[in-house]
Amino acid sequence: MSCFFFKKKSKSRGEAKSAPELQNERPRNNPAVNRVCKSTSSIPSPRSLTEVYKEKAKESDFRVFSLQELVQATNGFNRMLKIGEGGFGSVYKGTIKPPGGRGDPIVVAIKKLNKHGFQGHKEWLAEVQFLGVVNHPNLVKLLGYCSVDGERGTQRLLVYEYMANRSLEPHLFNPSLPTLPWKTRLQIMIGAAEGLAYLHEGLEFQVIYRDFKTSNVLLDENFHPKLSDFGLAREGPQGDNTHVSTAVVGTQGYAAPEYVDTGHLKAECDIYSFGVVLYEIITGRRALDRNRPAAEQKLLNWVKQYPADTDRFSMIIDLRLRNHFSPGAIRKVAKLANTCISKNPKDRPTMAQIVESLKEALQVSETSSTSQSSAPESSRSALARRGK
Ligand SMILES: Nc1ncnc2c1ncn2[C@@H]1O[C@H](COP(=O)(O)OP(=O)(O)OP(=O)(O)O)[C@@H](O)[C@H]1O
Ligand SMILES: [Mg+2]
């Protein structure tokens, strides 16, 4: 499921030789970056992302790749090495030389901007900017990038650490992959919640992620989760401001309704999306699935008919989990999801509260059942066998 409503584009020329300059890239009247009026003259304002990035860029260890290096790394962007495709373009598995040229080659994921796609330079830049500033075990590492504006057109690429189990999406929804055990689902959501809590509360400025969904939760060989895709991320409101006004972008089924209606972006919008994904891990169903009967296409409308404190609730639990879950924990997670998707954003919990609540649910799962395995060995080998 890819993002909706996009705009573009860039003007700069020439191949980037160092961290991209961001200062001049943010048009003043771009609705996606403007904050809502009201200034706070008496309070010293926290530094902005651009300021922090400029400082960190000096010490940044991002590598700047030539297009030729990335062509080589992917065997000419060979389609056999393509591991995914999203709104930004295609993602390839590749191999690069280690820094300094000595040592074993490094396996990476290379995202190549689709020239005709609806995401563009601005999203590429946001990704470099945010990933240049953040540092957390639950956020994917950007190793470097490539930017070329030549006679033969524009090229924008991003080089990430390779995540052997790719994203949460196929593990939840692709029936040909082994079932992801309940405890692993919970552990993945705890890690993802810790990543979001860091973005919301752990930096000098708040970051609103804006595109939380299963395909953006990447999984390493041990199913440790890391958030990817910062192309839509924005700095949160500062001072007295309650929200940031933006053009509405995100993914249908995950975006908070008040944001879609008004374009007013707040951290609570991420909490809503998190609640949607919690229902996805409970039910094994997609937030929006056009292949289902009309009444079941929108997950949140469907689950409403099976409240967590009734017997009917058991009807919506992912059948693939069989009985290998703790009923108490799963109800607890459903109740948490309900608070995340509260109509009034003020009634939604913070990410820190969510982390705590999920850890409690994990504890309940651990004490109440011995039949839940937490390592989907066969998922690991299924992906490894395909060499992806
Ligand atoms: N670092 C990575 N390591 C391994 N696989 C990756 C990596 N980054 C992305 N992928 C794979 O590529 C797929 C496509 O990713 P991409 O972010 O381009 O699109 P998306 O998340 O599916 O959609 P959208 O563009 O709407 O965010 C992912 O779902 C994942 O399977
Ligand atoms: Mg993505």
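**Ligand shell, core and selected residues of a predicted model**

Mentor: In this predicted model, ligand 1 is surrounded by 25 residues, and the closest are Gly-84, Gly-86, Gly-87, Ala-109 and Arg-166.

Trainee: Which strand supplies the largest share of the shell around ligand 1?

Mentor: Two strands, S2 (82–85) and S4 (106–113), each give at least two residues to the shell around ligand 1. The largest share is three residues, and the strand that supplies them is S2.

Trainee: How many residues of the shell around ligand 1 are charged?

Mentor: The shell is sorted by class into nonpolar, polar and charged residues. Ten are nonpolar and nine are polar. The number of charged residues is six.

Trainee: Where does ligand 1 lie with respect to domain 1 and domain 2?

Mentor: Domain 1 covers 61–162 and domain 2 covers 168–369. Both domains give residues to the shell around ligand 1, so the ligand lies between them.

Trainee: Is Arg-166 buried or exposed?

Mentor: Arg-166 is among the residues closest to ligand 1, and its place is the loop between strand S6 (153–161) and helix H4 (168–173). A residue with 20 or more other C-beta atoms within 10 Å is buried. Arg-166 has 20 such atoms, so it is buried.

Trainee: What is the phi of Arg-166?

Mentor: Most residues other than glycine have a negative phi. Arg-166 is not a glycine, yet its phi is positive, at about 50°.

Trainee: How many residues along the chain separate Arg-166 and Pro-225?

Mentor: In space, the C-alpha atoms of Arg-166 and Pro-225 are separated by 9.6 Å. Along the chain, the separation is 59 residues.

Trainee: Is Asn-75 buried, exposed or partly exposed?

Mentor: Asn-75 also has a positive phi, about 55°, although it is not a glycine. Asn-75 sits in the loop between helix H2 (67–73) and S2. Buried needs 20 or more other C-beta atoms within 10 Å and exposed needs 12 or fewer. Asn-75 has 14, so its class is partly exposed.

Trainee: At which residue does UniProt place the feature "binding site"?

Mentor: The residue lies in strand S4 and is buried, with 21 other C-beta atoms within 10 Å. Leaving aside neighbours within four places in sequence, its contacts are Phe-77, Gly-89, Ser-90, Tyr-92 and Leu-157. The annotation comes from an unreviewed UniProt entry, and the residue is Lys-112.

Trainee: Which helix gives the largest share of the largest nonpolar core?

Mentor: The largest nonpolar core has 93 residues, and Val-159 and Leu-278 have the most contacts inside it. The largest share of this core is eleven residues, and they come from helix H7 (residues 267–283).

Trainee: Why does this core lie between domain 1 and domain 2?

Mentor: The bounds are 61–162 for domain 1 and 168–369 for domain 2. The core lies between them because residues are given to it by both domains.

Trainee: Which residues are in contact with Val-159, leaving aside its neighbours within four places in sequence?

Mentor: Val-159 is one of the two residues with the most contacts inside the core. With neighbours within four places left aside, its contacts are Phe-65, Ile-96, Val-108, Ile-110, Leu-143, Gly-144 and Tyr-145.

Trainee: Which residues are in contact with Arg-348, leaving aside its neighbours within four places in sequence?

Mentor: Arg-348 is in the loop between helix H9 (327–340) and helix H10 (351–368), and it counts as buried, with 24 C-beta neighbours inside 10 Å. Its C-alpha atom is 9.4 Å from that of Ala-337, eleven residues apart in sequence. The contacts of Arg-348, with neighbours within four places left aside, are Glu-268, Ile-271, Tyr-272, Thr-339, Cys-340 and Ser-342.

Trainee: How far apart in space are Gly-236 and Tyr-209, C-alpha to C-alpha?

Mentor: Gly-236 is in the loop between strand S10 (234–235) and strand S11 (244–245), and counts as buried with 20 C-beta neighbours inside 10 Å. Among its contacts are Phe-205, Gln-206, Val-207 and Ile-208. Gly-236 and Tyr-209 are 27 residues apart in sequence, and their C-alpha distance is 9.4 Å.

Trainee: What percentage of the residues in the protein chain are buried?

Mentor: The protein chain has eleven helices and twelve strands. Of its 388 residues, the buried ones make up 42%.

Terms used:
Residues are numbered from 1 along each chain as its sequence is written. Chains are lettered from A and ligands numbered from 1 in the order in which they are written. This is a predicted model: local features need pLDDT of at least 70, side-chain atom pairs count only at pLDDT 80 or more; totals for chains, interfaces and linings use all residues. Helices (H or I, at least four residues) and strands (E, at least two) are DSSP runs, numbered from the N terminus. A nonpolar core is a set of buried Ala, Val, Leu, Ile, Met, Phe, Trp, Tyr and Cys residues joined through C-beta atoms within 7 Å. Domain bounds come from an automatic or database domain assignment. Two residues are in contact if their C-beta atoms, placed from the backbone, lie within 7 Å. A residue is near a molecule or strand if its C-beta atom, placed from the backbone, lies within 6 Å of it. Ala, Val, Leu, Ile, Met, Phe, Trp, Tyr, Cys and Pro count as nonpolar, Asp, Glu, Lys and Arg as charged, and the others, Gly among them, as polar. UniProt positions are given in the numbering used here, feature names are shortened, and annotations may be inferred rather than shown by experiment.
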